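Work through the exercises below with the model open beside you. Try each task before you read its solution.

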Amino acid sequence: MTSAPRTAAPRPAAAPPAGGPRRRGPRRERQGPAFVFLTPWMLGVGLLTLVPMAVSLYLSFTDYNLFDAPKWVGPRNYTEMFTQDPRYWRSVGTTLLFVVVAVPLKLALALGVALLLKGMRRAKGFYRSAFYAPSLLGASMSIALVWRALYNDGGTVDSVLSSVGIHTGGWVGDPDLAVFVVALLTVWQFGAPMVIFLAGLQQIPADLYEAAALDGAGRWRQFASVTVPMLSPVLFFNLVLETIQSFQVFTPAFAISGGKGGPADSTNFYTLYLYERGFTDSHMGYASAMAWVLLVAIGAVTVVLFRTSRSWVFYANEGA
Amino acid sequence: MTSALHIPARGTRGARRILLHALALVVLLVLLYPLAWLLATSLKPADEVLTSLKLLPGHLERSNYTTALDGVSGVTVTRLLGNSLLISLGCVLGNVLSCSLAAYAFARLRFRMRGPMFAFMLATMMLPHHAVLIPQYIIFNKLGMVDTYWPLILPKFLATDAFFVFLIVQFMRGLPREMEESARIDGCGPFRTFWSVVLPLTRPALITTAIFTFIWTWNDFLTQLIYLFDPEKFTITLALRSFVDQSSTSAYGPMFAMSVISVLPIVLFFFAFQRYLVQGVATSGLKG
């Protein structure tokens, strides 16, 4: 966005007669070094991304236990996954439930706190950093263990709820509630999107609010007609990023269920089940098939989000 | 919401501001409670952990920490922290070097296929790690590198964290071009220009990359879980997990003492560099 005027200015000055043989000389001169700079990245993309993706696709049609040669089985892994594996569908359901609960809650909290901080003159920097802290710590094993203890039978949350007459017997041991422990831990880490929202809010020109106020718009109207449309690109960025990340949640699920996805598979998230099939049971082919379905699913969700974004994301510089 | 316009009577404005701060502080207290709980529990004697809801321990149980320092399966915490540190610093070096090289090419140099390659780089940011996890494991297994630190560190030297390439590109695009141009006129080749002119100017983005890489590597669990087997090579994160497996829930005190030790570096990093961290996150979301 901001780079557009900058790159536009020097270009005509640097190469006035575009086209013709003169252009080739300096261009070619620059190509070589560029590819030297890109060598590590290209090696990484080739050896650690593209080749593995191809290998993973191939393996997904095989039986492979890491020791014997892969045995071609055609689409069997996929048919088994889709038609004969209730645990697979359970993990899909758990993951979807988690994404649908955690992502909107997290973004709502992030936006709410960003709006709260936006109006402040003093101590904004302090709050910004303090609210961001859980985003870094929350990814650790330690904090996931804290969550397990807090939501366990007899833990703080259970005791507080019991004292007001709600007896849950601990969320961690309850197949209906365990997934929400992971969700709450994720929501707790709302600091990163909050910081992005706050930066976005600060870029909204004040005169838009002035104009709205002059037209008699109240606070809610200003929020709906100025803040939301001006913030929509940032909202979209956060939504895509958080959704993609949530599909891949692993560490908290592992910690809260002691690595087993329990109770009754209720925290057996997609990635946890993938890990179990691949690395615990040595069904690398099956796990590869799972990985490819995840890849396609995340790709599809991203495409859908981009499609729908056309109707609600507003880019200020588009019309100009 | 912008101050000047909301025309409420003058007197209420001060009250409103106090209310905002009060609200922010309440939210903050709720958020930080688990951290306080962690610290308090790590200092509680066993009989207090489960019976008392009070946050502050009745008396400080220092033996929790001495038990935790002994480590897991005969490997001391010092060793475990050293392992984590070695891996994290290796990853920091790799990411800073390789990502800044790639970023310079994308931000400043012209080459064929730049547009598509940049778009592809952005797309790899969205690629789920699990799609390449198994083949990467097989590759490193074939290379005899399983149960060494290579599978954890080597990928970082190949700019596999596209997020940081993107972050540095964004930063470099904001740098003035004049200095590079005068360096070129003075006879600097692209490498000299990169090393002596661009890289020093990019320092804030490099620091952000370094800090995030350090913290994310320190926190990372899945990769370490897959590649490391020998308890001597364990990181503090892996050791914490086996510590939990070995001790019963009654050993809450030592377990959370171990937890405190394992997040301590992140907390210290956070206090030292929070400005860069928050700034880094803010810019990553805005200029896309």
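**Exercise 1.** Find how many cavities of 30 Å³ or more the whole structure holds.

*Solution.* The search finds 4. A cavity is a set of points on a 1 Å grid over the protein atoms alone, where a 1.4 Å probe fits but cannot get out. Its volume is the space filled by probe spheres set on the points, which are joined across faces, edges and corners.

This is a predicted model: local features need pLDDT of at least 70, side-chain atom pairs need 80 or more, and totals for chains, interfaces and linings use all residues. Residues are numbered from 1 along each chain, chains are lettered from A in the order written, and side-chain values use heavy atoms, without hydrogens or water.

**Exercise 2.** Describe the second largest cavity and its lining.

*Solution.*
- Step 1: its volume is about 50 Å³.
- Step 2: lining residues have an atom within 4 Å of a point. Among them are A:M141, B:W218 and B:I266.
- Step 3: α14(B) gives the most, with 3 residues. Helices are DSSP runs (H or I, at least four residues), numbered from the N terminus.
- Step 4: the lining has 5 nonpolar, 5 polar and no charged residues. Nonpolar means Ala, Val, Leu, Ile, Met, Phe, Trp, Tyr, Cys and Pro; charged means Asp, Glu, Lys and Arg; the others, Gly among them, are polar.

**Exercise 3.** Is A:S56 buried or exposed?

*Solution.*
- Step 1: locate A:S56 in helix α3 (residues 24–59) of chain A.
- Step 2: A:S56 counts as buried because its relative accessibility is 1%. Buried means under 20% relative accessible area, exposed over 50%, partly exposed in between (1.4 Å probe, protein chains only).

Definitions and conventions. Helix = DSSP H or I, 4+ residues; strand = E, 2+ residues; numbered from the N terminus. 1 Å grid on protein atoms, 1.4 Å probe; cavity = no way out; pocket = protein on both sides within 12 Å on 5 of 7 lines; lining within 4 Å.
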